[in-house]
Amino acid sequence: IQSFINHIEASLNLKTPQLIGFGISNFETYNNAINYSSGAIIGSAFIEFVKKEGINNIEKFIEKITKK
């Protein structure tokens, strides 16, 4: 992953922080993403969680993603 990130940064001459936003759905994928970028974007997994657990349980989702 790091070589791919380096290639993207060099090819595009990026000066801003990079975020990874595909396939982030659990602690392992979140942790892997933040090891190689400035952060992670969680979309589909968050929407599915809210549909199932409700909007009032967002803290539970954040804890699930960020703590093993």
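Helices here are DSSP runs of type H or I with at least four residues, numbered from the N terminus. Keep that in mind for the exercises below, and remember that this is a predicted model.

**Exercise 1. Find where Lys64 sits, and decide whether Lys64 is buried, partly exposed or exposed.**

Step 1: Look up the element. Lys64 belongs to helix α4, which covers residues 58-66.

Step 2: Check the accessibility. Buried means under 20% relative accessible area and exposed means over 50%. Lys64 comes out at 46%, so Lys64 is partly exposed.

Step 3: See what Lys64 touches. Once neighbours within four places in sequence are set aside, Lys64 is in contact with Ser25 and Phe27.

Step 4: Add a distance. Between the C-alpha atoms of Lys64 and Ile24 there are 12 Å in space, and the two residues are 40 apart in sequence.

**Exercise 2. Work out how α3 and α4 pack: what are the angle and the axis distance, and which residues make the contact?**

Step 1: Know what to look for. A pair of packed helices is described by the angle between the axes and the distance between them.

Step 2: Get the geometry. Helix α3 (residues 44-53) packs with helix α4 (residues 58-66) at about 135 degrees, and their axes are 10 Å apart.

Step 3: Name the arrangement. Over 145 degrees would count as roughly antiparallel, and 65 to 115 as roughly perpendicular. With its angle of about 135 degrees, α3 is therefore oblique to α4.

Step 4: Give the handedness. The crossing of α3 past α4 is right-handed.

Step 5: List the residues. From α3 come Ala45, Phe46, Phe49 and Glu53, and from α4 come Ile58, Lys60 and Phe61.

Step 6: Sort them by type. Five are nonpolar, two are charged and none is polar.

**Exercise 3. Place Ile41 and Gly43, and say how exposed each one is.**

Step 1: Locate them. Ile41 is in the loop between β2 (39-40) and α3, and Gly43 is in the loop between β2 and α3 as well.

Step 2: Compare with the cut-offs. Ile41 has a relative accessible area of 46%, so Ile41 is partly exposed. Gly43, at 35%, is partly exposed too.

Step 3: Pick out the contacts. Not counting residues up to four places away in sequence, Ile41 touches Leu19, Ile20, Gly21 and Ile24.

Step 4: Look at the spacing. The C-alpha atoms of Gly43 and Gly21 are 7.6 Å apart, with their positions 22 residues apart along the chain. For Ile41 and Ser11, 30 residues apart along the chain, the C-alpha separation is 22 Å.

**Exercise 4. Do the same for Thr29: which element holds it, and what does it touch?**

Step 1: Thr29 is part of helix α2 (residues 27-36).

Step 2: Its relative accessibility is 27%, so Thr29 counts as partly exposed.

Step 3: Beyond its neighbours within four places in sequence, Thr29 contacts Gly23 and Ile24.

Step 4: Thr29 and Ile65 are 36 residues apart along the chain, and their C-alpha atoms are 8.7 Å apart.

**Exercise 5. Check the confidence: which element has the lowest mean pLDDT, and which the highest?**

Step 1: Take the whole chain. The average pLDDT is 88, and 99% of the residues score at least 70.

Step 2: Go element by element. Helix α1 (residues 2-12) has the lowest mean, 77, and α3 the highest, 95.

Notes
Residues are numbered from 1 along each chain as its sequence is written. This is a predicted model: local features need pLDDT of at least 70, side-chain atom pairs count only at pLDDT 80 or more; totals for chains, interfaces and linings use all residues. Side-chain values use heavy atoms; hydrogens and water are left out. Axes are lines fitted to C-alpha atoms, for helices over the stretch in contact, and angles run from 0 to 180 degrees between N-to-C directions. Helices (H or I, at least four residues) and strands (E, at least two) are DSSP runs, numbered from the N terminus. Angles under 35 degrees count as roughly parallel, over 145 as roughly antiparallel, 65 to 115 as roughly perpendicular and the rest as oblique. A crossing is left-handed if the near helix is turned anticlockwise from the far one by less than a right angle, and right-handed if clockwise. Contact means heavy atoms within 4.5 Å. Ala, Val, Leu, Ile, Met, Phe, Trp, Tyr, Cys and Pro count as nonpolar, Asp, Glu, Lys and Arg as charged, and the others, Gly among them, as polar. pLDDT is the predictor's confidence in each residue, from 0 to 100. Buried means under 20% relative accessible area, exposed over 50%, partly exposed in between (1.4 Å probe, protein chains only).
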